[in-house]
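Thanks for coming. I will talk through one structure today, and I will keep to what can be read from the model.

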Amino acid sequence: MKITGLEELNKKLSDLQSNANSISGQNSVPLNELFTRKFMESNTKGFTDISSFFDASPFVLEKQEDLNSIPADELDIYVSKNTLFNSWKEMLSKAGSEWTVKQLGL
């Protein structure tokens, strides 16, 4: 007798382990992949992507690394006025959590 439910569970667990292994360690994720359209529409005041979010900001960002040069307190103020989050760190953490869940296939 074949136990398909158990085999299906084993396959899902194997896939989950494989997905977890593929993202283990430190990851560098492009901002437009991290901040999906769904994320931006659900968590910001009218923005559909991270580019438009920063285009509307007082900050000049030509590349992702430019984020490091923005004073944290100024970025936090902009984030708190234009999103559901109180800080950039909180927004980044939530987006990172959602990205991880997606990568794991959950």
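I will start with the whole chain, then go to one helix, one loop residue, the aromatic rings and the core.

First, a caution: what you see is a predicted model. Please keep that in mind for every number I give.

The protein chain has six helices and zero strands. Read from the N terminus, the order is therefore simply α-α-α-α-α-α. The chain has 106 residues, and 28% of them count as buried. About 7500 Å² of the protein chain is exposed, and 51% of that comes from carbon and sulfur atoms. Now take the contacts with a separation of 6 or more: 55% of them are between residues 24 or more positions apart.

Let us go to helix α5, which covers residues 72-82. Which residues of this helix are buried? They are L75, Y78, V79 and N82. These four lie on the same side of α5, because they cover an arc of only 100° around the axis. There is a general point behind this. An α-helix has 3.6 residues a turn, so residues three or four places apart point the same way. On the other side of α5 we find D73 and K81, and both are exposed. What do the buried residues of α5 pack against? They pack against α4, residues 50-55, and α6, residues 88-104.

One residue of that buried group deserves a closer look, and that is N82. N82 has a relative accessible area of 18%. The cut-off for buried is under 20%, so N82 counts as buried. Leaving out residues up to four places away in sequence, N82 touches T44, K45, F47 and F53.

Next comes T83, in the loop between α5 and α6. Is T83 buried or exposed? Its relative accessible area is 5%, so T83 is buried. The side chain of T83 also has polar partners. It reaches the backbone oxygen of V79 at 2.7 Å. A polar atom of the T83 side chain also lies 2.9 Å from the backbone nitrogen of F85. If we set aside neighbours within four places in sequence, T83 is in contact with N43, T44, K45, F53 and M91. T44, K45 and F53 were named for N82 as well.

Now the aromatic rings. How many aromatic pairs does the structure hold? The number is eight. I will show two of them. A pair of aromatic rings is described by the distance of the centres and the angle of the planes.

F35 and W88 form a tilted pair, with 5.5 Å centre to centre and 35° between the planes. F35 sits in the loop between α2, residues 31-34, and α3, residues 37-43, while W88 is in helix α6, so this pair ties together parts that are 53 residues apart in sequence. Both partners count as buried: F35 has 2% relative accessibility, and W88 has 11%.

The second pair is F53 and Y78, also tilted, with 4.8 Å centre to centre and 50° between the planes. F53 is in helix α4 and Y78 in helix α5, 25 residues apart, and the pair links these distant parts of the chain. F53 and Y78 are both buried.

These four residues belong to one aromatic cluster, made of F35, F39, F47, F53, F54, F59, Y78, F85 and W88.

That brings us to the core. The largest nonpolar core has 21 residues. Which residues have the most contacts inside it? They are F35, M40, I50, F53, L75, W88 and M91. The elements that give two or more residues to this core are α2, α3, α4, α5 and α6. The largest share, four residues, comes from α6. As an example, take I50: not counting residues up to four places away in sequence, I50 touches L31, N32, F35, M40 and M91.

One last residue, P30, lies in the loop between α1, residues 4-23, and α2. P30 has a relative accessible area of 37%, so it is partly exposed. P30 and Q64 are 34 residues apart in sequence, and their C-alpha atoms are 7.8 Å apart in space.

That is the end of the tour. I will take questions now.

Note on methods:
Residues are numbered from 1 along each chain as its sequence is written. This is a predicted model: local features need pLDDT of at least 70, side-chain atom pairs count only at pLDDT 80 or more; totals for chains, interfaces and linings use all residues. Side-chain values use heavy atoms; hydrogens and water are left out. Buried means under 20% relative accessible area, exposed over 50%, partly exposed in between (1.4 Å probe, protein chains only). The arc is that of the directions from the helix axis to the C-beta atoms. Contact means heavy atoms within 4.5 Å. A polar contact is a pair of N or O atoms within 3.5 Å; within protein, one must be able to donate a hydrogen and the other to accept it, and residues adjacent in sequence count only if both atoms are side-chain atoms. Accessible areas come from the Shrake-Rupley method with a 1.4 Å probe; for residues, only the protein chains shown count as cover. Rings of Phe, Tyr and Trp (its six-membered ring) pair if their centres lie within 6.5 Å; planes under 30 degrees apart count as stacked, over 60 as edge-to-face and the rest as tilted. A nonpolar core is a set of buried Ala, Val, Leu, Ile, Met, Phe, Trp, Tyr and Cys residues joined through side-chain atoms within 4.5 Å.
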